[in-house]
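Me: I have a protein–DNA model open and would like to learn how to read its contacts. Could you walk me through them?

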Protein chains: 2
Amino acid sequence: MSMKGREVILGILQGGPHTGYEINDILQTRLSHFFDATFGMIYPTLKKLEAEKLVTKQQISQTDRPNKNIYTITKAGQAAFSKAISEPTSDEILKSDFLMHLYFSQDLPTEQVALFFKEEISRKEAKLATLQAQLATWLENGMTDRQQITFDYGIAYYTATLEVLKKAAKSIAS
Amino acid sequence: MSMKGREVILGILQGGPHTGYEINDILQTRLSHFFDATFGMIYPTLKKLEAEKLVTKQQISQTDRPNKNIYTITKAGQAAFSKAISEPTSDEILKSDFLMHLYFSQDLPTEQVALFFKEEISRKEAKLATLQAQLATWLENGMTDRQQITFDYGIAYYTATLEVLKKAAKSIAS
DNA sequence: ATGTACATGTAAGCGGTTACATGATTCA
DNA sequence: TGAATCATGTAACCGCTTACATGTACAT
């Protein structure tokens, strides 16, 4: 079994105490090319983790901004995380709704397929830009060599697939 | 919302009647780089689809092999599929347990990380080989130009990521 | 006026996973 | 003798999605 939201959140908290909002931010900017998270998953998971005593919550009252909860990993949490990270890795999974549409698009008009391409290319370019924009800040705040590999992987993945997409988009238009 | 198992199975049945076993085979060989399916999902989905009258079942008794059920899409099923395929496409999602391990691997010994790399490279090479091996048969049985793009995408994706992985594996070993 | 950043939560339910159960035939 | 191919299913459960609910401050 692969690492779930539970273990991923513990992993982020290993790097220091954070609020749910900050956890989401890290996930969206640095891990978004290989994990997808939403608040709907983050907050309930944090609650469960607290109930299991794998993290502790510190409530901070703020006047100008909404109150916040800062979560800190416990010893038990660190043990749970160490165990998870040592487990063998499982298969990578790619789910592409765009490729699925394309695969079964025989009865769709060219214009509609062209629109699907346009949208997928935009989304990927945006994702690539977000990742590239992160590099500077990330290097300043401390990026390990191993994390750099996950970054390179993301760049290569977006670059290679965008190239196929752009070539194909041209060919179907003609 | 993206296409779920339900719509994917309807899409395959648009191409002709099939058993659950055959549906799995198509999914594993031609769509495995952008969709993941298991029997645990296929059979229950087929059952629901039949209950909703989107497909019909024909039972075939066999003596030398297990009996089988051949499913055929109905008009209502075709309508449901047409609707689904016309919907806008949603974001691609990549889940990589390997990259997650790598991202959080600071406390793991080099040898263990090296093993993770080795396993991930093997898995990806196997996937790439399966896809490439399909090409000939697929072209014979009829492959649309649009399906060819999904194939090219898979090859590019595996090739580019394998390259990053192989380079990185060398660098961490030293 | 509109959007973005900050900030947290719940309830219902879906869609899939995991584990189990069965069994003949053919090929190496 | 073991593995692969053919072939189908169920039951329990989990993990996440979706939709909803709320509110301030600041910038454009």
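Reply: Happy to! Since this is a predicted model, let's begin with the backbone. A contact to DNA need not come from a side chain: in Tyr21(B), a backbone N or O atom lies 3.0 Å from a phosphate oxygen of DNA strand D.

Me: Which elements give two or more residues to the surface near DNA strand D?

Reply: Chain B gives helix H2 (20–30), H3 and strand E2 (68–73), and chain A adds its H3.

Me: How far are the side chains of Lys47(B) and Gln62(B) from a phosphate oxygen of DNA strand D?

Reply: Look for N or O atoms paired within 3.5 Å. For Lys47(B), a polar side-chain atom is 2.6 Å from a phosphate oxygen of strand D. For Gln62(B), the distance from a side-chain N or O atom to a phosphate oxygen of that strand is 3.0 Å.

Me: Which residues come closest to DNA strand D, and what part of the strand do they face?

Reply: Start with the list of neighbours, then ask which DNA atoms are involved. Strand D has 22 residues around it, and the closest are Tyr43(B), Lys47(B) and Asn69(B), along with Asp64(A) and Pro66(A). Of the strand D atoms that come within 4 Å of the protein, 73% belong to sugar and phosphate. By class, the nearby surface has eight nonpolar, eight polar and six charged residues.

Me: What does the surface near DNA strand C look like?

Reply: Read it in the same order. There are 23 residues around strand C, and those that come nearest are Tyr43(A), Lys47(A), Asn69(A), Asp64(B) and Pro66(B). Sugar and phosphate make up 69% of the strand C atoms within 4 Å of the protein. The classes here are nine nonpolar, eight polar and six charged.

Me: Which element supplies the largest share of that surface near DNA strand C?

Reply: That is H3(A), with four residues. Helix H2 (20–30) and strand E2 (68–73) of chain A, and helix H3 (39–51) of chain B, each supply at least two.

Me: Which polar side chains of chain A lie by a phosphate oxygen of DNA strand C?

Reply: Among them are Lys47(A) at 2.4 Å, Gln62(A) at 3.2 Å and Tyr71(A) at 3.5 Å.

Me: And away from the DNA, which residues touch the most other members of the largest nonpolar core?

Reply: For a core, look for its best-connected members. Of 100 residues, these are Leu27, Phe104 and Phe117 in chain A and in chain B. Leu27(A), for instance, touches residues including Val8(A), Ile12(A), Phe35(A) and Ile42(A).

How values were computed
Residues are numbered from 1 along each chain as its sequence is written. Chains are lettered from A and ligands numbered from 1 in the order in which they are written. This is a predicted model: local features need pLDDT of at least 70, side-chain atom pairs count only at pLDDT 80 or more; totals for chains, interfaces and linings use all residues. Side-chain values use heavy atoms; hydrogens and water are left out. A residue is near a molecule or strand if one of its heavy atoms lies within 4 Å of it. A polar contact is a pair of N or O atoms within 3.5 Å; within protein, one must be able to donate a hydrogen and the other to accept it, and residues adjacent in sequence count only if both atoms are side-chain atoms. Ala, Val, Leu, Ile, Met, Phe, Trp, Tyr, Cys and Pro count as nonpolar, Asp, Glu, Lys and Arg as charged, and the others, Gly among them, as polar. A nonpolar core is a set of buried Ala, Val, Leu, Ile, Met, Phe, Trp, Tyr and Cys residues joined through side-chain atoms within 4.5 Å. Buried means under 20% relative accessible area, exposed over 50%, partly exposed in between (1.4 Å probe, protein chains only). Contact means heavy atoms within 4.5 Å. Lists of a residue's contacts leave out its neighbours within four places in sequence.
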